[in-house]
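Please open the model in a viewer and keep the sequence panel at hand. The stops below are meant to be selected one after another.

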Amino acid sequence: MRWEDQRDGRHVFLDGELDHEGCDRISVPLRDALATTQGTVVINLDKVPFVCSKGIWLLLECRHRLKREGRQFLVRGLTPHVRKTFETVGVFKAAPEWDA
């Protein structure tokens with residue numbers, strides 16, 4: 001995981017599977033990335049081939065936290081498999097702004 005600050009916010013680039021092990025590996029660094037910026041956070045998943053329920057929960061938890069703070073948490077670069085997973089479990093109903 002890496003991040004860079006751009007004009008439209010902090011962009012966080014994830015790679016590898018967001019399975020249980022992957023989520024455990026990135027949860028603390030991801031929360032640090034959120035805590036050390038004040039604006040919008042954009043998560044890029046174009047190098048993430050798989051997201052399990054724990055990964056979805058982690059992303060939605062981050063979205064909820066930033067939303068409470070009046071900030072945006074966006075997800076971009078969905079691979080076809082991850083997009084299908086999000087559609088199947090109804091993620092876009094909870095976070096319609098991610099379906100871009």
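Begin by selecting Arg10 together with Val41 of strand β3, its bridge partner. Helices (H or I, at least four residues) and strands (E, at least two) are DSSP runs, numbered from the N terminus, and two strands pair if DSSP finds at least two bridges between them. The model is a predicted one, in which local features need pLDDT of at least 70 and side-chain atom pairs count only at pLDDT 80 or more, while totals for chains, interfaces and linings use all residues. Residues are numbered from 1 along each chain as its sequence is written, and side-chain values use heavy atoms, with hydrogens and water left out.

Widen the selection to strand β2 (residues 9–15) and β3, which pair in the parallel sense over five bridges. Between β2 and β3 the chain passes through helix α1 (residues 20–35), and this β-α-β crossover is right-handed: with the strands pointing away from the viewer, the path from the first strand over the helix to the second runs clockwise.

Next, select β3 alone, residues 41–47. Five of its seven residues are buried, that is, under 20% relative accessible area (exposed is over 50%, partly exposed in between; 1.4 Å probe, protein chains only).

Add strand β4 (residues 73–76), which runs parallel to β3 and is joined to it by four bridges. Val41 stands opposite Phe73 in β4, and Asn44 stands opposite Arg76. With helix α2 (residues 53–68), β3 and β4 make a right-handed β-α-β unit.

Now display the whole sheet. Its four strands form an open sheet in the order β1-β2-β3-β4, with mixed pairing. Because β1 (2–6) and β4 stand at the edges with a single partner strand each, one side of each is left without a neighbour in the sheet. From one strand to the next, the twist averages 20°. Angles run from 0 to 180 degrees between N-to-C directions, and axes are lines fitted to C-alpha atoms, for helices over the stretch in contact.

Finally, return to strand β2 and select His11. Is this residue buried or exposed? His11 counts as buried because its relative accessibility is 12%. Its side chain makes a polar contact of 2.7 Å with that of Asp8 and another of 3.4 Å with that of Gln6. A polar contact is a pair of N or O atoms within 3.5 Å; within protein, one must be able to donate a hydrogen and the other to accept it, and residues adjacent in sequence count only if both atoms are side-chain atoms.
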